[in-house]
Amino acid sequence: MTGIELIEPTASLHASFIRSTAEWAGTDQDGASVFFAAKYGWDLHNADDFAQWVQLLKDLETPNFTPPKGFVAQSTLWLVHGDEYLGAASLRHELGNDFLREVGGHIGYGIRPSARGNRLARIALAGSLEQARNLGLPRVMLTCNDSNIASARTIEACEGVLESIAPVSEIGPRFGSREDLRRYWIELV
């Protein structure tokens, strides 16, 4: 697929984002940080609420912005083809809480179901890795469910080295995980 771009979030893609949301059928949109909308009670179907959420995603990248309690600074990229939203990647600037250190990692990414299978996740991850390098991070941690072979292959294709597979019995009780979790590191320097 040609003409793919990584851009900062924009309210102009509201309709396309909502079409993508419908494809996820109620499951978490990895990398999109929609949990911030839930935290603030924003309905992303509402254009004004969507614009507030997009602004928060942009603010979270700003060095002098204080993230909401329990969260860390992050950079968000959207993967687009023209005016069609295809997916997102979020780079947490630090592993500032237990959840990120054990489950969330530095980078989360997700591709809308209808766009999968085109190596778009690799493009999204590569963009986040470039952001991490620009921030001076020496290495980043990524995780994926053990059964998510496509994500494991994407991480490994971007030089991810498997550190461990954490059993659900270890992480599930603390973080609500329902399956074993692969933990990878990617060296950036």
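**View 1. Helix H5 packs against helix H6 in this predicted model.** The angle between H5 (residues 120-135) and H6 (residues 149-157) is about 45°. Their axes lie 10 Å apart. Angles under 35 degrees count as roughly parallel and 65 to 115 as roughly perpendicular; H5 and H6 are therefore oblique to each other. The crossing of H5 past H6 is right-handed. H5 brings Ala121, Arg122 and Leu125 to the contact. H6 brings Thr154, Ile155 and Ala157. By class, the residues of this contact are 4 nonpolar, 1 polar and 1 charged.

**View 2. Four strands form an open sheet.** The strand order is S1-S2-S3-S4, and the pairing is antiparallel. Which strands stand at the edges? They are S1 (4-7) and S4 (107-111). Each has a single partner strand, so one side of each is left without a neighbour in the sheet. From one strand to the next, the twist averages 20°.

**View 3. Strands S2 and S3 pair within the four-stranded sheet.** S2 covers residues 74-81 and S3 covers residues 84-92. How many bridges join S2 and S3? There are 8, in the antiparallel sense. One position to look for is Leu77, which stands opposite Ala89 in S3.

**View 4. Helix H5 lies across the four-stranded sheet.** The helix, residues 120-135, lies across S1, S2, S3 and S4. H5 runs at about 35° to S3. H5 is also the helix that packs with H6 in View 1.

**View 5. Three strands form another open sheet, with antiparallel pairing.** The order here is S5-S7-S6. S5 (139-145) and S6 (161-166) are the edge strands. Each of these two pairs on one side only. Direction ignored, neighbouring strands of this sheet are turned by 25° against each other on average.

**View 6. Strand S6 pairs with strand S7, and helix H6 packs on their sheet.** S6 and S7 (residues 181-187) are joined in the antiparallel sense over 5 bridges. Which residue of S7 is the bridge partner of Ala166? It is Leu181. H6 touches S5 and S7 of this sheet. The direction of H6 makes about 15° with that of S7.

**View 7. The whole chain sets these close-ups in context, with 7 helices and 7 strands.** From the N terminus on, the elements run β-α-α-α-β-β-α-β-α-β-α-β-α-β. The radius of gyration is 16 Å, close to the 16 Å that the globule rule gives for 189 residues, so the chain is as compact as a globular protein of that length. Along the principal axes, the C-alpha atoms fill a box of roughly 40 × 40 × 35 Å.

Technical notes
Residues numbered from 1 in each chain as written. Predicted model: local features only at pLDDT ≥ 70, side-chain atom pairs only at ≥ 80, totals over all residues. Heavy atoms only, no water. Pairing = 2+ DSSP bridges. Axes fitted to C-alpha atoms, helices over the stretch in contact; angles between N-to-C directions. Contact = heavy atoms within 4.5 Å. Parallel < 35°, antiparallel > 145°, perpendicular 65-115°, else oblique. Left-handed = near helix turned anticlockwise from the far one by under 90°. Nonpolar A, V, L, I, M, F, W, Y, C, P; charged D, E, K, R; others polar. Rg over C-alpha atoms; globule rule 2.2 N^0.38 Å.
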